[in-house]
Amino acid sequence: MNARIRPATPADAAAIARIAAEALGEDLDPASPRVRSILESGINFVAVVDERAAGFAHNFTTRDSVGRRRLELDLLAVDRAARGLGGGSALVARSIVAARRSGASCLRALVAADNVAMRALCQRAGLAIAGGRQWLFACHPLEIELEPGPSSAARCIEVDTLAYRGVWLEGALSPGAILEARRRAMLAGATRVGAVIQQAEAPGASLLLAAGFHKIGDYHWHAISF
């Protein structure tokens, strides 16, 4: 029996929270109005096996430096009992279709370097590794401790995901850009400020660590362009 894919709805919140906790260690609040609103967006999907939600894909949108829409494949998980039924591959495929239909320039996923299963899933779906190995940094806005400094070309991107509301820094980093991200995060009620930088960018890593960021781990971008 293969998994059937359909758009997620707020009624799936409890099942998605359970799967996320069991498979990913993510703590989602199924009663949260924010979570339920995200599940009304039409770009999140569940894999159904035996008439129950057995997996999910969570996507959200961002825009690049020239304003092109991107679909970000943020979370994907399948029940242990439903693995091997094609649910993971089908969820990625349905996310690709959603990205195309939305007019996005790409679908991309930030995948931990040691997540062999997800990396293989992305590659089978046609998502190629984009750029070298990346470092992921994050912190709470209140943990940022830099003195004001010059700004830069870094962009502050507000994101609202099932797991958190946050601000991500993209582009050339500076003390001014980091403090602006903190300001934006606090105004938005966000709980996380993050940045993904290439492993070769040692100055950027040093700046983030000095500001109170924590290195989460090593990752790769996997992406497919349209």
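## A tour from helix H5 to the paired strands

Begin by selecting helix H5, residues 175-188, whose 14 residues reach 20 Å from the first C-alpha to the last, close to the 20 Å expected at 1.5 Å a residue; that expected span is 1.5 Å times one less than the number of residues. Helices (H or I, at least four residues) and strands (E, at least two) are DSSP runs numbered from the N terminus. The model is predicted, so local features need pLDDT of at least 70 and side-chain atom pairs count only at pLDDT 80 or more, while totals for chains, interfaces and linings use all residues. Residues are numbered from 1 along each chain as its sequence is written, and side-chain values use heavy atoms, with hydrogens and water left out.

Within H5, colour Gly176, Ala177, Ile178, Ala181 and Ala185, which are its buried residues (buried means under 20% relative accessible area, exposed over 50%, and partly exposed in between, with a 1.4 Å probe and protein chains only). Next show what covers them, which includes strands E7 (155-160), E8 (165-170) and E9 (192-198) together with helix H6 (202-210). Just after H5 comes glycine 189, whose phi is positive, near 70 degrees.

Now turn to the nonpolar cores, each a set of buried Ala, Val, Leu, Ile, Met, Phe, Trp, Tyr and Cys residues joined through side-chain atoms within 4.5 Å. The largest has 27 residues, and those with the most contacts inside it are Leu73, Leu76, Leu91, Val92, Leu107, Met118 and Leu127. Two or more residues each come to this core from strands E2 (45-49), E3 (52-63), E4 (69-78) and E5 (106-112), and from helices H3 (87-101) and H4 (116-124); the largest share, five residues, is that of H3. Centre the view on valine 92, which, leaving aside its neighbours within four places in sequence, is in contact with Leu73, Leu76, Leu121, Ala125 and Leu127 (contact means heavy atoms within 4.5 Å). Apart from the largest core lies another, of 23 residues, among them Cys156, Ala177, Leu207 and Phe213.

From leucine 107, follow the pairing into strand E10, where its bridge partner is isoleucine 224. E5 and E10 pair in the antiparallel sense over seven bridges, two strands being counted as paired if DSSP finds at least two bridges between them. E6 and E10 also pair in the antiparallel sense, over eight bridges, and here alanine 130 can be found opposite tryptophan 221 in E10.

Finally, select the charged side chains, looking for salt bridges, in which a side-chain nitrogen of Lys or Arg is within 4 Å of a carboxyl oxygen of Asp or Glu; by this rule the count comes to 17. Arginine 133 forms one with aspartate 218, their closest N and O atoms being 3.6 Å apart. Because arginine 133 lies in strand E6 (residues 128-139) and aspartate 218 in strand E10 (residues 214-225), the pair ties together parts that are 85 residues apart in sequence. Arginine 133 is partly exposed at 35% relative accessibility, and aspartate 218 is partly exposed at 24%. Aspartate 218 also forms a salt bridge with lysine 215, with the closest N and O atoms 3.2 Å apart, and lysine 215 counts as partly exposed at 43%. Elsewhere, Arg70, Glu72, Arg108, Arg155 and Glu170 are joined into one network by salt bridges that share partners. As a last stop, select arginine 6 and aspartate 12, whose side chains meet in a salt bridge (2.8 Å, N to O); arginine 6 is partly exposed at 25% relative accessibility, whereas aspartate 12 is buried at 6%.
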